[in-house]
Each structure stands twice: as structure tokens, then as C-alpha cells.
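The questions below are for a reader meeting this structure for the opening time, and each answer sets a value beside the rule that gives it meaning.

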Amino acid sequence: MIPHTTVAIDQVVRKKLKKLASLLDVSQGEVIKQALAMLEEKILTGKLESRQSNPTARLDKKDIGRILAEATRKIWAINPEIKRIQEKLYSGPETIDDFIINDWNSGLE
Amino acid sequence: MFTTIAIDSNIFRDRDFINYLILYKEKLRIFVPTIVQMEVAFFHLVKGNTWDLFVHHVREFGGEFVGWNQFSIQDVVVNAYNARQKLPFRQHIRDFIIGTECETLGCELITFNVDHFYWVKSVPVKSPDLFVSWFEGNLQSPSNNTT
């Protein structure tokens, strides 16, 4: 006999589980199995970060902003030429987004 | 070396992130996809810079140019065809070229438009923030700290 275990889930999750099992015409256990397989694939292909492989992942937005601003401060201090190029590049109304091609107007569709 | 990445054109809107790449270029291998080269070079020319200055800018973070002969056009087209319902060809062919190049070279892609690359399966696609989180984690990990 295959050993089974019980897990506690709230009402919302229970309803979702029931609905998906019904839609897919499989058991609720099968839905969980498939969901776990999808999650596992995401982690294995790097689409989702594993806390185990990178325990300090998920810095908050503020920390990231601070780290990135610090990078600019350091680089500009080391190399004023980069500062000059970047100040020119990032001045004025045009941004890189103005030149990203998003409509090839190919007439193929 | 921690990882190999490619960067989308929209990454160049974030000067601080470019400087972060310059700061850690010794720990990264960074590819600049074909379309990205054209878009960013054009941006430089509009700003009054030269092609050589654009190349210099890319070399500052150790960027390597992907060649048109380094990936299969057939793969690009098949990817575009398979995802055509969600991402129409004429709005997203650049995304298919970039994503296919990343899959071919085996490098993760850093972009602000992660959703445009949902079809990329074999390599991670990350936002700059997620990449920085991950990278900082590696910098702080004793087993990976080479500095």
C-alpha cells in the first residue's frame, strides 16, 4: 500500500484544487503532483530562484537602488571618461526606448 | 566567473545597471545580441556619438558582440511561429531573435520585458533587479567569493 500524508490547506486553495481536478478530470492528488512538477521545472530551469542555491536572493527595491547607485559613484570616480560619455548619452529628450524596434511593419500578417 | 548573460536594449535605459556590469565585468561574460547592437548603436549616433564610441562603451563592461552566424534563423522563425498568438511577429521579431540567440549561446537574458520571453525555456530570463539580487547573493557566498 502506498503511504499517504495529510496537509492542511485553506478554503480558497481547497476550492481551486477541486475546480482544477474537475476541469482536468483527474484526482486532487494528481493536480498537486502536476503543480509540483511545474514548480520543480521552473526552479531547475532557473525561471524561479531557489532560496537554497541563493539564500540572500530577493533584496528589496531600496537595497537594489542603493547598490546600483553606488556602482555609478564608484565607476565615475575611477573613470571620468565613462562619466562624460554617459552624461551625454543620457541627456536630452530621446531615450533608448525611442529606438527599440517594436513594429517592423512587415506586411506579413 | 559567475555566469554568462546577454542584455536587452532596454537595459541601456538604466545607467546605474550598466555601471554595475562595468564594476563586476571580471565575474561576468556579457553578450550583446545582434539586434541590441543595432538599436543601441543607433541611439549613440542620435546622441552625436560615433560607432567607435559605441564600441568603446560596450567594451567598458566587456561586452561581446553576437554574430549573425552564431544562431539559426530557422530557430527564430519557429519560435516566432509557436508563440504568434501571444506575441505577433511584427511587434516581437526582435524578441525572438534575442531569445533565440540566448538559447543558442546558453546564456541567461537580462531584460525589463521578461514577459516578452515567456517562450524561452532553456535559459533563465531575469529582470535587472532579480539579477542583482541573485548576483549579490553569490558575491556574499563564501564558496563563491573570489575577491
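Q: How many residues does the contact take from chain A and from chain B?
A: In this predicted model, the contact takes 39 residues from chain A and 39 residues from chain B. Residues count as being in contact when their C-beta atoms lie within 7 Å.

Q: Which helix gives the most to the side of chain A that touches chain B?
A: Helices α3 (61-78) and α4 (80-89) of chain A each supply at least two residues of that side, and α3(A) gives the most, with nine residues.

Q: What makes up the side of chain A that touches chain B, when its residues are divided into nonpolar, polar and charged?
A: The residues of this side divide into 19 nonpolar, 10 polar and 10 charged.

Q: What is the secondary structure of chain A, and what pattern does chain A follow along the sequence?
A: Chain A comes to four helices and zero strands, and, read along the sequence, its pattern is α-α-α-α. Of the 109 residues of chain A, 8% count as buried, a label that requires 20 or more other C-beta atoms within 10 Å.

Q: Into which domains is chain A divided, and how far apart do their C-alpha centres lie?
A: The division gives domain 1 (11-44) and domain 2 (61-99) of chain A, and the C-alpha centres of these two domains lie 45 Å apart.

Q: Why is D25(A) called buried or exposed?
A: The label exposed applies if 12 or fewer other C-beta atoms lie within 10 Å; D25(A) has 7 within that distance, and therefore D25(A) is exposed. The place of D25(A) is in the loop between α1 (11-24) and α2 (28-44) of chain A, and its phi is near 55°, a positive value in a residue other than glycine.

Q: Why is H116(B) called buried or exposed?
A: A residue needs 20 or more other C-beta atoms within 10 Å to be called buried, and H116(B) has 24 C-beta neighbours inside 10 Å, so H116(B) counts as buried. H116(B) is found in the loop between β4 and β5 of chain B, and, with residues up to four places away in sequence left out, H116(B) touches L87(B), H92(B) and D95(B).

Q: How do you know that β1(B) and β2(B) are paired?
A: Two strands pair if at least two bridges are found between them, and strand β1 (residues 3-7) and strand β2 (residues 28-32) of chain B have four bridges, in the parallel sense. By that rule they are a pair, and the crossing of the chain from β1(B) to β2(B) goes through helix α1 (residues 15-23) of chain B, in a β-α-β crossover that is right-handed. Within this pairing, T4(B) has R29(B) as its bridge partner in β2(B), while I5(B) stands opposite I30(B).

Q: What makes β3 and β5 of chain B the edge strands of the open sheet?
A: The open sheet has five strands in the order β3-β2-β1-β4-β5 (chain B), with parallel pairing, and β3 (63-65) and β5 (125-126) of chain B are the edge strands, since each pairs on one side only. At one edge, β2(B) and β3(B) pair over three bridges, with I30(B) opposite G63(B) in β3(B). At the other edge, two bridges join β4(B) to β5(B), with I110(B) opposite K126(B) in β5(B). Between β1(B) and β4 (residues 108-110) of chain B there are three bridges, again with parallel strands, and E108(B) in β4(B) is the bridge partner of I5(B).

Q: Which residues of the largest nonpolar core touch the most other members?
A: That core has 47 residues, and A6(B), I7(B), L21(B), V40(B), C102(B) and L109(B) touch the most other members. With residues up to four places away in sequence not counted, I7(B) touches I30(B), V32(B), V36(B) and I110(B).

Notes:
Residues are numbered from 1 along each chain as its sequence is written. Chains are lettered from A and ligands numbered from 1 in the order in which they are written. This is a predicted model: local features need pLDDT of at least 70, side-chain atom pairs count only at pLDDT 80 or more; totals for chains, interfaces and linings use all residues. A nonpolar core is a set of buried Ala, Val, Leu, Ile, Met, Phe, Trp, Tyr and Cys residues joined through C-beta atoms within 7 Å. Two residues are in contact if their C-beta atoms, placed from the backbone, lie within 7 Å. A crossover is right-handed if, with the strands pointing away from the viewer, the path from the first strand over the helix to the second runs clockwise. Domain bounds come from an automatic or database domain assignment. Ala, Val, Leu, Ile, Met, Phe, Trp, Tyr, Cys and Pro count as nonpolar, Asp, Glu, Lys and Arg as charged, and the others, Gly among them, as polar.
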